[in-house]
Amino acid sequence: MSGPSRHCWVADGSGGGAKRPGLLVEWRQTPSGWEGRVVYGALLRPGVWGLVEEWLPSARLTPL
């Protein structure tokens with residue numbers, strides 16, 4: 001049985017075009033449009049990576 005989570009690409013918010021792999025776990029509709037709750041790895045400081053979980057606009061998410 002398949003669960004609700006889906007792999008996706010998460011676009012960098014700086015507009016630099018970089019994308020990183022993420023896991024989409026939930027959708028919600030807001031007054032400004034759809035947002036997805038995603039989990040992805042991010043460079044927190046030089047040499048230290050960590051998991052980030054946040055709500056992002058659907059325009060920053062792309063299916064794999």
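Glu35 stands opposite Pro57 in strand 4. Glu35 itself is found in strand 3, which covers residues 33-45. The model examined here is predicted. At 15% relative accessibility, Glu35 counts as buried, because the cut-off for burial is under 20%. The side chain of Glu35 makes a polar contact with the side chain of Arg28, at 2.8 Å. Beyond four places in sequence, Glu35 touches Glu26, Trp27, Arg28 and Thr30. Trp55, Leu56, Pro57 and Ser58 complete that set of contacts.

The setting of this residue is a chain built from strands. The protein chain holds zero helices and five strands. Its pattern along the sequence is β-β-β-β-β. The chain has 64 residues, and buried residues make up 23% of them. The C-alpha trace spans about 35 × 30 × 20 Å along its principal axes. Among contacts between residues at least 6 apart in sequence, 27% join residues at least 24 apart.

The five strands form an open sheet in the order 4-3-2-1-5, with antiparallel pairing. Strand 4 (48-57) and strand 5 (61-63) stand at the edges. Each has a single partner strand, so one side of each is left without a neighbour in the sheet. From one strand to the next, the twist averages 40°.

The pairings can be followed across the sheet. Strand 3 and strand 4 pair in the antiparallel sense over 10 bridges. One bridge there links Leu43 to its partner Trp49 in strand 4. The hairpin of strand 3 and strand 4 has two residues between the strands. In this hairpin, Gly47 takes a positive phi near 80°.

Strand 2 is joined to strand 3 by eight bridges, and the two run antiparallel. Within this pairing, Glu26 stands opposite Arg37 in strand 3. A hairpin of two residues connects strand 2 to strand 3. Thr30 lies in strand 2, which covers residues 19-30. Thr30 is buried, with a relative accessible area of 18%. The side chain of Thr30 reaches the backbone oxygen of Gly33 at 2.7 Å. Thr30 is also one of the residues touched by Glu35.

At the other edge, strand 1 (residues 6-11) pairs with strand 5. The sense is antiparallel, and the pairing runs over three bridges. Trp9 stands opposite Thr62 in strand 5.

Nonpolar packing was examined next. The largest nonpolar core has nine residues. Its members are Cys8, Val10, Leu24, Val38, Tyr40, Ala42, Val52, Leu56 and Leu61. Strand 1, strand 3 and strand 4 each supply at least two residues of this core. Strand 3 gives the largest share, three residues. Leu61, one of the core residues, touches Cys8, Trp9, Val10 and Leu24, not counting residues up to four places away in sequence. Under that same limit, Leu61 also touches Trp27, Gly36, Val38 and Leu56. Leu56, another core member, is also in contact with Glu35.

The aromatic residues add one further feature. The structure holds one aromatic pair. The ring centres of Trp27 and Trp34 are 6.5 Å apart and the planes stand at 90°, so the pair is edge-to-face. Trp27 is partly exposed, with a relative accessible area of 45%. Trp34 is likewise partly exposed, at 44%. Trp27 is in contact with Glu35. Trp27 is also among the residues touched by Leu61.

Notes: Residues numbered from 1 in each chain as written. Predicted model: local features only at pLDDT ≥ 70, side-chain atom pairs only at ≥ 80, totals over all residues. Heavy atoms only, no water. Pairing = 2+ DSSP bridges. Helix = DSSP H or I, 4+ residues; strand = E, 2+ residues; numbered from the N terminus. Axes fitted to C-alpha atoms, helices over the stretch in contact; angles between N-to-C directions. Buried < 20%, exposed > 50% of the residue type's maximum accessible area, 1.4 Å probe, protein only. Polar contact = N/O pair within 3.5 Å; in protein donor to acceptor, adjacent residues only side chain to side chain. Contact = heavy atoms within 4.5 Å. Core = buried A, V, L, I, M, F, W, Y, C linked by side-chain atoms within 4.5 Å. Phe/Tyr/Trp six-rings, centres within 6.5 Å; stacked < 30°, edge-to-face > 60°.
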